[in-house]
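Got the structure open in your viewer? Let's take a walk through it, one selection at a time.

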Amino acid sequence: MSDVKMKIMLLEHPRSISRERLNDVANTPLSSCLLTGYIAAVLKAKGYEVEIVEGYLEGLSYDQIEERLEVLRPDILGVHMVYQWRKEQELFDFLEKVKKEGPAPYITAYGFYPTLALEEILSTSWAIDSVILGEPELTFGELAEALSCGIFPRDLPGLAVREGDSVRFLWRDPLDDLDLLPFPLRTEAMFRLPQVNIQGSRGCYGRCTFCYINPFYGPNSRWRGRSPENIVAEIDTIVSARDFRDFYFVDANFFGPGKRGQERARRLASLLKGRGIRFGIEARVNDIYDEVIGELVEAGLYQIFLGLESGSERSLKRMNKMTTVEQNERALSILRKYGLEPNLGFIMFEPDATLEDVRDNFNFLKRNGLLKDLAITANVLYHYQIILKGTPAYHKLYREGRLKISPSSSYEGKALFVDPRVAALAKLMQRLTNFLFLRMEGIWSGKVKEPPDAQGKYAKLNHLLVNVFEGALSTLEKGPGIGQEELDTLAEKKQKEIEKITRLLYRPVEV
């Protein structure tokens, strides 16, 4: 490496989700939130001057970010690109401006979006010199070393660059021993979040058709876990420095495969006991075992996201979940035994679903008491399968000619449903739940104080959604007698009822 100390800026760019996509959160997995911190830690260990700019968490404008660039004038600008359900024209325009005017001579992008849409990214913006594929830390470090020596690498594993009208790239195998990575750097903005995000593992042993976790890590993707001792050392460091005691594991699959995964979780639980922390995790249903959950709860587990996905055996098989409805119900029973009510991953409307599958889903949710909380009800009664580039579902539907790709970006496709009645019900519920989320945005974001009688209003809204869904489903099951015009009229009527109830939630609270 050159003796000249390179300066590197890592940008979390401003993000604004369109109002129609408020409930669509799968544009990037939670694990991506630590990518920049890990890169920064690796670069600092190599002696580079690194600055993280939290354009998103700090609410910065592009003008403000440009001012920061002018002050630092970095040798490399790394951009964590996150898909926002549309073409990133404002970001591309900004990158072209700073590239042309000089404060960012070399720009590289990293993250799930650029990894899986690298051809589109490199062809859309001439200002982006390269894309780092998958796990970014080692590749970014080697890229910085090459550039500091005046070398513009073209055959660096994990790096994609232009070559004429095409793209040249080599995949880098995922890092085997995650304990070798330094703990990620966290900004002040990240410490203002309700929980400290921590990553205990990467990858997944599952192969769900809708998921892009494994495609992101490349053809040799596999689940890899940090040692419990290494995880606890990071937690202790944060507790000691900040006295933060609320954590969330952003792992796509907290447990890992089989008996070894369960033993690792028990070892971690034994190390965490007595430290006075709380934590949340994300898991597959087949990894939920009574004794292990009990030990984790004793250690501070209080929150869990559970990937149920469906109450239909046929849908689970089509999604390649490698789980069953019986396992879903068993997992729920175990968690509730320990006082855990999970957040849910659930896909009500998958592209090949029949009305019978939708009915199985609805019955499953009802008998398992999963339609009692408004936030959950609004999610599970509406959620259709989001089709993002890199997933097996994207490739399958594209081959079958059933994928409508947006003219602004090929990263997302919209699936054509096999059953038009399922499509009609999905459209109805999407319209109603989007309207509900818009009406509830102020309260659920914490910007508006919740009135004392809010729970009663939530119960009315919850009852309304469940009844609309069940009534429309029952009518559609009787045959093709109900048309789109009738469903649109129903939606307009129910929107007015939602508006009437939610208006009461925004009344000034008398003190």
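Here is a short tour of some strands, some ring pairs and a pocket. Keep in mind along the way that you're looking at a predicted model.

**Stop 1: three strands and a helix**

Start by selecting residues 278–283, strand β12, together with residues 301–309, strand β13. These two strands run parallel and pair over 5 bridges. Want one spot to zoom in on? Pick Phe-279, which sits opposite Leu-301 in β13.

Now add residues 290–299, helix α11. With β12 and β13, this helix makes a β-α-β unit, and its hand is right-handed.

Next, bring in residues 343–346, strand β14. β13 and β14 are parallel too, joined by 4 bridges. To see one of the contacts, show Leu-306 with its bridge partner in β14, Leu-344.

**Stop 2: rings that meet**

Stay on β14 for a moment, but first some context: how many aromatic pairs does the structure hold? There are 19.

One of them is Tyr-110 with Phe-140, an edge-to-face pair with 6.3 Å centre to centre and 75° between the planes. Tyr-110 belongs to strand β4 (residues 107–110) and Phe-140 to helix α6 (residues 137–148), so colour both elements: the pair links distant parts of the chain, 30 residues apart. Are these two rings buried or exposed? Tyr-110 is buried, and Phe-140 is buried as well.

Back to β14, then. Select Phe-346 and Phe-364, and you'll find a stacked pair, 6.2 Å centre to centre with 10° between the planes. Because Phe-346 lies in strand β14 and Phe-364 in helix α14 (residues 355–367), this pair ties together parts that are 18 residues apart in sequence. Both of these Phe residues, Phe-346 and Phe-364, are buried.

For a bigger group, show Tyr-83, Trp-85, Tyr-113 and Tyr-411, a cluster linked by ring pairs.

**Stop 3: a pocket**

Last, turn on the surface and head for Lys-414, Ala-415, Phe-417, Ala-423 and Ala-426. Of the 13 residues that line the second largest pocket, these lie nearest its centre. The volume of this pocket is about 270 Å³.

Which elements each supply at least two residues of the lining? Select β17 (409–415) and α17 (420–444) to see them. The largest share, 4 residues, comes from α17.

Try colouring the lining by class: 8 of its residues are nonpolar, 2 are polar and 3 are charged.

Terms used. Residues are numbered from 1 along each chain as its sequence is written. This is a predicted model: local features need pLDDT of at least 70, side-chain atom pairs count only at pLDDT 80 or more; totals for chains, interfaces and linings use all residues. Side-chain values use heavy atoms; hydrogens and water are left out. Two strands pair if DSSP finds at least two bridges between them. A crossover is right-handed if, with the strands pointing away from the viewer, the path from the first strand over the helix to the second runs clockwise. On a 1 Å grid over the protein atoms alone, a cavity is a set of points where a 1.4 Å probe fits but cannot get out, and a pocket is an open set with protein on both sides within 12 Å along at least five of seven lines; lining residues have an atom within 4 Å of a point. Grid points are joined across faces, edges and corners, and a volume is the space filled by probe spheres set on the points. Ala, Val, Leu, Ile, Met, Phe, Trp, Tyr, Cys and Pro count as nonpolar, Asp, Glu, Lys and Arg as charged, and the others, Gly among them, as polar. Rings of Phe, Tyr and Trp (its six-membered ring) pair if their centres lie within 6.5 Å; planes under 30 degrees apart count as stacked, over 60 as edge-to-face and the rest as tilted. Buried means under 20% relative accessible area, exposed over 50%, partly exposed in between (1.4 Å probe, protein chains only).
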